[in-house]
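Here is a short briefing to read with the model open beside you. Take it topic by topic, and pick out each residue as you go.

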Amino acid sequence: AQERYASLRQLPAQSRCGTVTALHMNAGLMADLPSLEHSGAESVGLFRTELQFLIRNQMPKRAELARIYTRVLDAAKGRTVTFRTLDIGSDKVLPYMKPQDEPNPAMGWRAIRVGLDKPGVLRMQLQALIRAHGTRPMSVMFPFIAEGSEYREARALLLREMERERALGHPVPEGLRIGTMLETPALAFAPDHFFRDVDFISIGGNDLKQFFFAADRENERVRRRYDTLSAAFLEFVRRIVARCEEHGVPLSFCGEDAGRPIEAMCFAAMGIRTLSMRPASIGPVKTLLRRIDLAGLRAVIDAAMLDHDSVREPVIAWLATQSGD
Ligand code: PEP
Ligand code: MG
């Protein structure tokens with residue numbers, strides 16, 4: 001399949017209406033890095049840093065992490081890498097950390113909640129990122145933020161670490177972009193000043209959808225029960241897009257649905273201009289985006305949302321009427 005899409009590698013995901021969607025890749029392991037070249041990804045839109053912690057049997061040291069992040073940035077060759085800080089706790093248990101006994105780990109003490117309550121590991125990770133950075137483009141993204149105050153606290157922690165590193169004589173990143181995942185419905189309704197404080201937002205659809213529908217993403221019985229293309233979820237996405245546009249906040253989508261061509265084209269039609277996905281999905285998503293007219297699709301979605309629980313069928317029917325060349 002990589003061969004089949006090779007000819008597309010250098011071409012933009014430009015739809016017939018002229019709109020270009022940026023396609024980024026998700027990564028987390030060193031083995032993912034060669035995909036930066038093969039897939040045609042513009043950058044790493046989500047680097048899941050917890051994977052480097054999960055594959056070890058002891059807490060990595062700061063110097064070791066800095067070396068890993070340096071290799072990632074080297075491999076990116078000037079493309080931006082968006083490092084998501086540790087999303088661990090509860091369900092993603094590190095063998096070398098005390099397990100928590102929680103009834104609902106997915107809604108428990110995880111990710112930024114751990115980072116803010118016990119900041120030692122997060123601070124060490126931020127120091128490693130600052131040291132690895134040099135002068136290359138890099139963004140830092142916080143996971144599982146539910147309130148503006150959590151974002152501000154996490155950002156202040158990062159800025160404090162930068163000040164410390166500067167005082168120690170280390171060069172600190174210029175123009176570092178700091179943003180957050182949107183994985184909890186509450187964050188979409190945060191007061192305006194949250195949107196003024198973030199440099200970017202990335203929708204983590206895997207978690208956002210599980211909390212929107214109250215359907216556990218790990219539970220086979222319910223995980224596919226609700227359609228991402230339901231009118232309710234798209235209405236919610238529409239609202240997030242509108243708030244980000246109002247405040248000039250760049251918005252991306254980095255959950256698994258970004259790599260499903262039909263879902264991806266619908267998000268693009270709703271106004272999400274950046275999608276981050278597993279590398280193998282970039283070719284298929286790009287192929288479809290280049291075939292269609294996003295404005296036309298938007299009209300189909302808007303109309304279908306008025307009287308369908310899910311827009312999937314009308315969207316697929318419309319797609320069948322579009323010529324394939
Ligand atoms: C998400 O929740 O959509 C996401 C990208 O994060 P993860 O899948 O790592 O929870
Ligand atoms: Mg998530």
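This is a predicted model. A good place to begin is a pair of residues with unusual backbones: Phe144 sits in the loop between strand 5 (138-142) and helix 6 (148-167), while Ala214 lies in the loop between helix 9 (205-212) and helix 10 (231-247).

**Backbone surprises**

- Most residues other than glycine have a negative phi.
- Phe144 is not a glycine, yet its phi is positive, at about 60°.
- Ala214 is not a glycine either, and it has a positive phi of about 55°.
- Is Phe144 buried or exposed? Phe144 is buried, because 25 other C-beta atoms lie within 10 Å and 20 or more are enough for that label.
- Ala214 has 8 other C-beta atoms within 10 Å; the limit for an exposed residue is 12 or fewer, so Ala214 is exposed.
- Gly271, just after helix 11, also takes a positive phi, of about 110°.

**Helix 11**

- Helix 11 spans residues 261-269 and is mostly covered, with seven of its nine residues buried.
- The buried residues of helix 11 are Glu263, Ala264, Met265, Cys266, Phe267, Ala268 and Ala269.

**Where helix 3 meets helix 5**

- How do the axes of helix 3 (residues 62-76) and helix 5 (residues 120-133) cross? They come within 8 Å and cross at roughly 45°.
- That angle makes helix 3 oblique to helix 5, because it falls outside the ranges for roughly parallel, roughly antiparallel and roughly perpendicular.
- The crossing of helix 3 and helix 5 is right-handed.
- From helix 3, the residues in this contact are Arg62, Leu65, Ala66, Tyr69, Thr70 and Leu73.
- Helix 5 meets them with Met124, Gln125, Gln127, Ala128, Leu129, Arg131, Ala132 and His133.
- Sorted by class, the contact between helix 3 and helix 5 has eight nonpolar, four polar and two charged residues.

**Around ligand 1**

- Which residues are around ligand 1? They are Leu46, Arg48, Asp87, Glu183, Gly204, Gly205, Asn206, Asp207, Cys254 and Gly255.
- Strand 3 (44-48) and helix 9 are the elements that give two or more residues to this shell.
- Helix 9 gives the most to the shell around ligand 1, with three residues.
- By class, the shell around ligand 1 has two nonpolar, four polar and four charged residues.

Conventions. Residues are numbered from 1 along each chain as its sequence is written. Chains are lettered from A and ligands numbered from 1 in the order in which they are written. This is a predicted model: local features need pLDDT of at least 70, side-chain atom pairs count only at pLDDT 80 or more; totals for chains, interfaces and linings use all residues. Helices (H or I, at least four residues) and strands (E, at least two) are DSSP runs, numbered from the N terminus. Axes are lines fitted to C-alpha atoms, for helices over the stretch in contact, and angles run from 0 to 180 degrees between N-to-C directions. Angles under 35 degrees count as roughly parallel, over 145 as roughly antiparallel, 65 to 115 as roughly perpendicular and the rest as oblique. A crossing is left-handed if the near helix is turned anticlockwise from the far one by less than a right angle, and right-handed if clockwise. Two residues are in contact if their C-beta atoms, placed from the backbone, lie within 7 Å. Ala, Val, Leu, Ile, Met, Phe, Trp, Tyr, Cys and Pro count as nonpolar, Asp, Glu, Lys and Arg as charged, and the others, Gly among them, as polar. A residue is near a molecule or strand if its C-beta atom, placed from the backbone, lies within 6 Å of it.
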